[in-house]
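Tutor: Let us study this model by question and answer, taking one topic at a time.

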Amino acid sequence: MDLTLSKADRDLQAHARAFTEQVLFPHELANEESGGGLPPETLAALHRAVLDWRLNAINQAREDGGQGYSVFQQALINEELGKATGCLWDVVWNPAYSLRFGSAEQKRDYLRPSCRGERRDAFAITEPGAGSDPRMVRTKAMRRNGRYYLSGEKWFVTAGDVADYFIVHAHVDDDPDKPTLFLVDKDLPGVALKRTPKFMHSFVFEHPEYLFFEVELDETKILGGVGQGYELTKDWFVEARLGIGARCVGGAIRAAEVATAYAAERVQFGRPIREFQGVEFMLADMAVEIMAAKALLYRVCWEISRGADRRRIHARASAVKLFCSEMAGRVVDRAVQVLGGRGYMRENPVERLYRDLRVDRIWEGTSEIQRVVIGGQIAKRGLGVYTGWVDP
Ligand SMILES: Cc1cc2nc3c(=O)[nH]c(=O)nc-3n(C[C@H](O)[C@H](O)[C@H](O)COP(=O)(O)OP(=O)(O)OC[C@H]3O[C@@H](n4cnc5c(N)ncnc54)[C@H](O)[C@@H]3O)c2cc1C
């Protein structure tokens, strides 16, 4: 069993680390001071940097203009990007996984320009009455005379402010058995911004609420097919959950590094605080938890890169998301404690990570929903899905 990283993977990791430290870190404080958001000229420079560093669309195939990286390589990159606070990792765009299931025309008009950074998507599933339970979605696409008329309300549309189109989860003919994804251009008549609420983190982009009033669409705007909404969203969830797992590992590593360095230099009662067992044990727990989470993340991403079964992928991605996000919460909490009052200052990365990483236990399926998925998989396939080792 060989767990060493190849030279190519180590180079990729170093590349992503250099990008995060040299390109993203310098903008963290300005983003924090603005409460989330950077001036347009800074965002334009970051956009160019993403292209120059060839980190655009790391999740998409080369033939579509992406970088064609394996799921394992994407995890290596996302881990590094996750060290940046203010969720600056989101300036590095990844067009939604589901777009690869589009028609040739949809790939030309949506996927490829999105890979190049000329267009940007935002995924809109959640509604006032539909969060963990997407069957409660009320957004409907009514069929009339060969066209679809989409109406509803979507909440928490991440990067909705910078997106120029949405991937909207709606029920065709108001039938929950026909969940369907629609490509909806933001400038179409009937699409309206409702509100842009503020959140705990200082996210570089917004999560606005949008209203859709009888937005006229034809069948070329259906992604996949009528009724395929869940299946396509499920694939997107796998990618998003692994991305969260990787970013949580990266964020936790940064917090632990800051705490470890501080504990070595901060002197109280005549000695560095690291020499107090109460502090040393916190550093030890952080290190071990990160080690365990990273081992799980790398293992599952490696299995997927080797072509693991799709159902097992979904089952294990939930375990990665659950464990890594909860681990990151515990690690960052301890890092704040080690830094004392300084850990509570917004100018300190551990304070920002403390707020940034909280949402990772909520979005793309809460921790409870991951447990529901995992419990269901144990009932259906047995404990071995989690406790066994790599499938043949
Ligand atoms: C900053 C941010 C960005 C987001 N971005 C997007 C986005 O881009 N696109 C998008 O579509 N959505 C987005 N979301 C929405 C996010 O995915 C939902 O908030 C999440 O799925 C939970 O839904 P909810 O908030 O309605 O909570 P609810 O579903 O109402 O859950 C409330 C509580 O009940 C628990 N609960 C619910 N059902 C069960 C159950 N069966 N068993 C046990 N406990 C249960 C939950 O775990 C939670 O603790 C975003 C959310 C946030 C905060």
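Student: Is the crossing of α4 and α6 left-handed or right-handed?
Tutor: This is a predicted model, in which local features need pLDDT of at least 70 and side-chain atom pairs count only at pLDDT 80 or more, whereas totals for chains, interfaces and linings use all residues. Residues are numbered from 1 along each chain, and side-chain values use heavy atoms, without hydrogens and water. Helices are DSSP runs of H or I with at least four residues, numbered from the N terminus. A crossing whose near helix is turned clockwise from the far one by less than a right angle has the hand found for α4 and α6, which is right-handed.

Student: What is the orientation of α4 to α6?
Tutor: Helix α4 (residues 71-81) and helix α6 (residues 229-265) have axes 7 Å apart and pack at an angle of about 40°, on a scale from 0 to 180 degrees between N-to-C directions, with axes fitted to C-alpha atoms over the stretch in contact. Angles under 35 degrees count as roughly parallel, over 145 as roughly antiparallel, 65 to 115 as roughly perpendicular and the rest as oblique, so α4 is, relative to α6, oblique.

Student: How do α8 and α9 lie to each other?
Tutor: Helix α8 (residues 310-339) packs against helix α9 (residues 349-356) at an angle of about 150°, their axes being 9 Å apart. That angle is why α8 and α9 are described as roughly antiparallel.

Student: How far is a polar side-chain atom of T126 from a nitrogen atom of the ligand?
Tutor: T126 is among the closest of the 19 residues that surround the ligand, each with a heavy atom within 4 Å. Its polar side-chain atom lies from a ligand nitrogen atom at 2.6 Å.

Notes. Helices (H or I, at least four residues) and strands (E, at least two) are DSSP runs, numbered from the N terminus. A polar contact is a pair of N or O atoms within 3.5 Å; within protein, one must be able to donate a hydrogen and the other to accept it, and residues adjacent in sequence count only if both atoms are side-chain atoms.
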